[in-house]
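Visitor: Hi! Could you walk me through this one?
Guide: Gladly, here it is.

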Amino acid sequence: MSTTRRLMARSVRTLSPAIAGVIFIVLWEVLILIFDVQKFLLPAPSAIAEAFGSKWSTILQVSWVTIQAVLLGMLLGTGGGILVAYLVSKNESVSGPLLVIATALNCAPIIALAPIANNWFGLTSIISKASIAGLMVFFPVLVNCTRGLMLIQPLHRDVMTSYASSDNELVRYVRIPNALPYLFSALRLGASLSVIGVIVAEYFGGPVKALGVFIGYEAALSRFDSAWAGIIVASAMGLSLLGIVGLIERLTMPSARNSS
Amino acid sequence: MMQESAQRAIEIDSVTKVFEAVGMEPVIAVQDVSISIEAGEFVALLGPSGCGKSTILRMIGDLTAPTRGEVRVHGKSARQAREDHDYGMVFQEAALFDWRTTARNIELPLKILGMDRSERAMRVQEMLELISLTDFANHYPWQLSGGMQQRVAIARALSVRPKLLLMDEPLGALDEMNREHLQNEFLDVWTKTRTTTVLVTHSISEAVFLANRIFIMSPRPGRVVKVIMSPLPYPRTAETRRDPQFFEVESEVREALHGVIRDKALDV
C-alpha cells in the first residue's frame with residue numbers, strides 16, 4: 001500500500017514538470033490564437049515547430065558549429081580557472097587580493113568584449129567565440145575553486161597536522177575534495193554562461209554556419225518562427241550541458257547527500 | 001619494556017602560553033604548568049571552560065607552541081614525536097572527512113604513514129571490529145549518528161597504533177546516554193590497547209570514571225591546582241559507577257573544583 005503510494009508520489013514528482021510544460025505550450029498556442037498576436041511579437045508553438053521541421057538540417061548544422069565553440073570555451077574556462085585557483089591557493093598572501101580583483105572582473109560584462117575578440121582572433125575563428133565563453137566561465141570557476149581550496153575546516157587541518165602530513169597530502173586529501181562542490185556550482189553557472197557567451201558573440205558576426213548568426217539573420221529577414229526555432233535549440237544546448245555537469249558531479253562525488 | 005617505563009611518556013616542564021592579538025590585552029591561557037605522565041596512564045585534565053586545558057593538549061600534540069617552557073614526549077620534542085606519528089588525536093567534533101566512507105576515513109592516516117594496501121585493509125578491519133562498526137564500513141559520515149561518528153574518530157586516531165592518544169572533550173557534543181555508553185567503550189578500547197591517554201573534559205563523572213589521575217585546573221591564568229589519584233581498579237565497568245568508592249572520588253574532585261571557582265569569585 002505504502003510502496004504504491006510512494007511510487008505514485010515519485011511519478012507525480014517526475015511527471016509534473018512535463019505536464020506543466022505541456023500546459024504551458026497549449027496555453028501559449030491558444031492565447032496567440034485568441035488575441036491574434038502578430039508573428040514578429042511572438043509566433044505560436046505550432047509555427048515554430050513547422051519552421052524547425054522545414055529547416056532542421058540547417059539548424060543542426062549551425063548548432064554543431066556553435067556547440068564546438070561552447071564546449072571549447074567551457075574547457076578553456078574550467079581548465080584555466082582550476083589551474084589559477086590552484087596556484088593562488090598555494091600562496092595565501094596572493095590569494096586574498098587576487099580574489100577581490102577576480103570578483104570585480106567577474107561583475108564586468110565580459111560579453112561586451114565580443115566585438116573586440118572578433119577583431120583579435122578573426123570574425124570566423126572559433127577562438128574568438130570560445131574565448132568569450134571561456135572568460136565568462138573562467139571567473140566563477142576561479143573564485144569558487146579558490147574558496148573551496150582555502151576554506152577548509154580548521155579541525156580538518158589539525159587532524160592532518162597530527163598525521164604529520166605534507167602540504168601535497170593536505171591538498172590531495174582535504175583541499176581538493178573540499179573544493180569539488182564549489183567547482184560544480186560554478187560549472188552549473190558556467191553551462192548557461194558559455195552558451196550565452198558564444199551565441200551573443202555570434203550576433204556580432206561569425207562563421208555563416210553558426211547558430212547565433214542564423215538566429216540574427218532569420219530575425220533580420222522577419223522569419224521570426226525560424227529565429228525562435230534557433231533560440232529553442234540554444235536553450236536545449238544550455239540544458240543538456242547542465243545535465244552533463246550534473247552527471248559528472250554525481251560520478252565524482254558519490255558522497256553527496258542529495259544523490260538519492 | 002623496563003627501559004620504556006623508566007622514561008616518562010609526557011614531560012611538561014613549566015610551560016606558559018600567552019595568546020597575543022593586535023589591539024587586545026595579552027591572555028595568559030596557561031601559566032607555569034608542569035605535568036609528567038607515565039606510559040600506560042589514562043590522565044584527565046579537568047576544569048571549567050577557559051582554564052587552558054585544551055591549550056595544554058594542543059601543546060602536547062604540537063598543534064600550538066608554548067610561549068615558555070618545554071614539552072617532551074618519550075624524551076623527544078613534541079614536533080619530533082608528531083613527525084614520528086606518535087599521536088592519535090580526537091577532537092570535540094568528530095571532524096571526519098565527509099567525502100570518505102567510514103573505512104576510508106580510518107584508512108587515511110595509514111596511507112599517509114605509507115603502509116601498503118593489504119596491510120591497510122587488515123588494520124582497518126581490525127579497527128572496525130574494535131569499535132563494533134563493521135556493518136557501517138561503507139557508510140558516509142552524514143549517515144552515522146553523532147556517537148558513531150565519534151567512535152570512527154577514535155578508530156581513526158588509534159589506527160596507526162599511536163603511543164599517545166590525545167582527546168579534547170571527545171564526548172562534549174553528545175547527550176548523557178550516549179556519553180556513558182561511549183565512556184564504557186573508551187575504557188574497553190583502552191584496556192585492550194593500553195595506549196597512554198590524555199583526556200580533556202569538563203565532566204567530573206567522566207574524569208573519575210575514566211582516569212587513574214585527574215589534574216584539576218583553575219581558569220585565567222590556567223594552572224594545575226590539585227592532582228587526585230583514583231584508587232578505583234581497572235577494568236572498570238558500568239558497575240563501577242555505583243561503587244561507593246566512585247562517589248568518594250567524585251566528591252573529592254567536586255570539592256576541589258568548587259574550591260577553584262570559589263577562590264576565583266573572591267578574587268573579583
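Guide: A word on terms before we start: two strands pair if DSSP finds at least two bridges between them. Helices (H or I, at least four residues) and strands (E, at least two) are DSSP runs, numbered from the N terminus. This is a predicted model, where local features need pLDDT of at least 70, side-chain atom pairs count only at pLDDT 80 or more, and totals for chains, interfaces and linings use all residues. Residues are numbered from 1 along each chain as its sequence is written, while chains are lettered from A and ligands numbered from 1 in the order in which they are written.

Visitor: Thanks! In what sense do strand 6 and strand 7 of chain B pair?
Guide: Parallel, over 4 bridges, with strand 7 covering residues 164-168. One of the bridge partners there is B:L166, which sits opposite B:M89.

Visitor: And what is the strand order in the open sheet of chain B?
Guide: The order is 6-7-8-3-9-10, 6 strands with mixed pairing. Strand 6 (87-90) and strand 10 (223-229) of chain B are the edges, each pairing on one side only. On average, neighbouring strands of this sheet are turned by 15 degrees against each other, direction ignored.

Visitor: Which strands does helix 2 of chain B lie across?
Guide: Helix 2 (residues 53-60) lies across strand 3 (42-46), strand 7, strand 8 (196-201) and strand 9 (213-218) of chain B. Its angle to strand 8 of chain B is about 150 degrees. Axes here are lines fitted to C-alpha atoms, for helices over the stretch in contact, and angles run from 0 to 180 degrees between N-to-C directions. Contact means that the C-beta atoms of two residues, placed from the backbone, lie within 7 Å.

Visitor: Switching to chain A: how many helices and strands?
Guide: Chain A has 9 helices and 0 strands. Its C-alpha trace spans about 75 × 65 × 30 Å along the principal axes.

Visitor: What domains does chain A have?
Guide: Domain 1 (1-36) and domain 2 (43-252), with bounds from an automatic or database domain assignment. Their centres, taken over C-alpha atoms, are 31 Å apart in chain A.

Visitor: Last topic: how many residues does each chain bring to the contact?
Guide: Chain B brings 18 residues and chain A brings 16. On the chain B side, helix 3 (78-83), strand 6 and helix 4 (102-113) each supply at least two, and helix 4 of chain B gives the most, with 3 residues.
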